[in-house]
Amino acid sequence: MKNTKLIIAGDMLPMPCNYALFQSGDIQTLFGEKLCTLFASADYRVCNFEGCFTDSDQPIEKVGPSIKAPVSSITAVKRLGIDYATLGNTHSMDYGRQGYYDTCKTLSDNGIGFFGWGDNAACVKSYIELNDGGRKIILYNTTERFENAPREDYPGVNLYDEYRVCTEINQLKSRCDYLIVLYHGGIEGTHYNSEKMRVRFHRMADSGADVIISQHTHAIGEEERYKNAYFLYGQGNFCFHFRKEVTPLLAEGLVLELDFSDSGFTAKPHRILRTEYGCVYDEEQSLDGFFARSKEHDALLAGDKQAQSEFESSFSKDCASWTSVFLSVLRGNNPEDAAKRSELSPAEFTNYLKSSYSRQQLLAIQMFMRNEEFNEVGNQILSDILRETDTKENVQ
């Protein structure tokens with residue numbers, strides 16, 4: 001039987017800087033000749049659509065950006081040859097029910113399959129099946145919880161629940177030759193995966209997953225070979241120009257080439273580089289950092305204490321960029337903080353916030369974040385306060 005080649009790309013969505021190119025279908029300017037050739041060489045092409053295709057101007061209420069692209073910008077996506085899109089992600093429900101229906105219609109009208117979400121909690125489509133000359137491959141999509149949960153009468157995504165997801169993976173594996181999991185989660189801006197992520201990937205692989213790829217972090221992570229499975233922790237962006245400033249994290253990404261045969265499969269990451277309007281193939285394929293982190297990751301798993309310490313230290317440094325955001329939110333409306341922000345550098349302001357909490361307060365916050373019971377209590381308290389706020393605003 002002939003081999004089956006899949007190309008899997010990371011986060012993608014047209015943005016204002018390249019709407020015109022997407023609308024005109026100019027894939028050569030967006031992606032360059034070599035990247036277009038790589039996509040054309042595959043039997044199937046898969047990408048994560050990090051947002052909605054909709055012309056609605058009614059986003060849901062949430063913290064953080066609401067991301068969409070005009071329906072007309074689907075032209076270049078189709079011309080690149082994208083066959084399937086994962087929609088179990090952070091931003092697919094940013095425009096609510098209308099965004100969901102518009103995206104479904106746009107993709108269906110253009111012959112692009114999709115999975116990872118559904119009309120309601122009982123009808124989430126978590127996977128798709130590929131049949132290539134008798135070889136069956138299943139692609140499965142799940143994501144962490146954001147403002148994207150389905151309800152009894154409201155669309156949403158396939159949320160990660162370990163027991164349910166692993167059970168479903170195990171059942172699906174019995175029906176196919178290979179099973180690929182596209183997992184949308186992790187911590188944005190981190191090159192290093194967490195212990196929680198490693199545990200989840202190992203359990204999904206133990207349940208039958210052959211390949212697991214994580215997206216969402218907007219940064220390249222590591223690769224791991226576990227038993228007979230292949231993991232890619234952090235694929236980075238594909239064509240996702242949401243932020244104008246191009247940091248080292250946002251300047252690169254990986255496109256994964258998977259080649260399946262009767263005797264097994266190979267996984268080959270291709271480094272891509274962000275351009276002003278899109279992304280192109282990295283001619284030098286500079287993957288030294290990726291392979292060095294992967295080697296350190298393997299040493300960690302083998303029990304090397306020094307590697308574990310260095311890996312966890314690097315993960316902690318990456319997470320530090322969230323410190324100011326996290327502590328500022330907990331402070332509420334604090335006029336003193338606003339004044340300090342205007343007179344201090346970002347690093348000084350972060351240190352100021354850290355000094356604003358006693359050790360006991362920090363331990364209490366950690367308890368609410370760590371303990372399942374208190375985590376649930378905290379969410380219930382916030383839900384009640386938000387309902388009270390809604391009631392007061394409606395009365396006014």
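1. Contact here means heavy atoms within 4.5 Å. The structure under review is a predicted model. By that criterion, the buried residues of helix α7 pack against two helices and four strands by name: α6 (195-206) and α8, together with β14 (220-226), β15 (229-235), β17 (252-261) and β18 (264-274).

2. Overall form. The protein chain contains 13 helices and 19 strands. For 396 residues, a compact globule would have a radius of gyration near 21 Å; the value for the protein chain is 22 Å, and the two therefore agree. The C-alpha trace spans about 65 × 55 × 40 Å along its principal axes.

3. Burial and contact range. Of the 396 residues, 51% count as buried. The protein chain exposes about 19500 Å², and carbon and sulfur atoms supply 50% of that area. When contacts between residues at least 6 apart in sequence are considered, 70% of them join residues at least 24 apart.

4. Helix α7, geometry. This helix covers residues 288-301. Its 14 residues, at 1.5 Å a residue, should span 20 Å, and the end C-alpha atoms are 20 Å apart, so expectation and model agree. After α7 comes G303, a residue with a positive phi near 95°.

5. Helix α7, faces. Which residues of α7 are buried? They are F290, R293, S294, E296, H297 and L300. Viewed down the axis of α7, these buried residues fall within an arc of 165°, and therefore they line one face of the helix. D288 and K295 are exposed on the other side of α7. As general background, an α-helix has 3.6 residues a turn, so residues three or four places apart point the same way.

6. Helix α9. In α9 (residues 323-331), the buried residues are T323, S324, L327 and S328. Seen along the axis of α9, they lie within an arc of 115°, so they line one face of the helix. The packing partners of these buried residues are α8 (305-319), α10 (335-343) and α11 (346-354). Helix α8 is thus named both among the partners of α9 and among those of α7. G332 follows α9 and has a positive phi, near 70°.

7. Residue T29. This threonine belongs to helix α2 (residues 27-40). Is T29 buried, partly exposed or exposed? Its relative accessibility is 41%, so T29 counts as partly exposed; the partly exposed class lies between 20% and 50%. The side chain of T29 makes a polar contact of 2.7 Å with that of D26. T29 and T275 are 246 residues apart along the chain, while their C-alpha atoms are separated by 9.7 Å.

8. Positive phi outside glycine. Two residues may be examined under this heading. H218, in the loop between β13 (211-215) and β14, has a positive phi of about 60° although it is not a glycine. K227, in the loop between β14 and β15, has a phi near 55°, again a positive value in a residue other than glycine. As to accessibility, H218 counts as buried because its relative accessibility is 11%, whereas K227, at 64%, counts as exposed.

9. Residue N237 and its link to H218. N237 is located in strand β16 (residues 237-239). With a relative accessibility of 6%, N237 counts as buried. What joins the side chains of N237 and H218? A polar contact of 2.7 Å does so. Leaving aside neighbours within four places in sequence, the contacts of N237 are D11, H218, L250, E252, G253, L254 and I272.

10. Residue V157. This valine is found in strand β11 (residues 156-157). V157 has a relative accessibility of 1% and so counts as buried. Which residues does V157 touch, not counting those up to four places away in sequence? They are L87, G88, N89, S92, M93, G116, W117, V124, T143, N148 and P150. With T143, the separation is 14 residues in sequence and 7.4 Å in space, C-alpha to C-alpha.

Definitions and conventions:
Residues are numbered from 1 along each chain as its sequence is written. This is a predicted model: local features need pLDDT of at least 70, side-chain atom pairs count only at pLDDT 80 or more; totals for chains, interfaces and linings use all residues. Side-chain values use heavy atoms; hydrogens and water are left out. Buried means under 20% relative accessible area, exposed over 50%, partly exposed in between (1.4 Å probe, protein chains only). The arc is that of the directions from the helix axis to the C-beta atoms. The expected span of a helix is 1.5 Å times one less than its number of residues. The radius of gyration is taken over C-alpha atoms; the globule rule is 2.2 Å times the number of residues to the power 0.38. Accessible areas come from the Shrake-Rupley method with a 1.4 Å probe; for residues, only the protein chains shown count as cover. A polar contact is a pair of N or O atoms within 3.5 Å; within protein, one must be able to donate a hydrogen and the other to accept it, and residues adjacent in sequence count only if both atoms are side-chain atoms.
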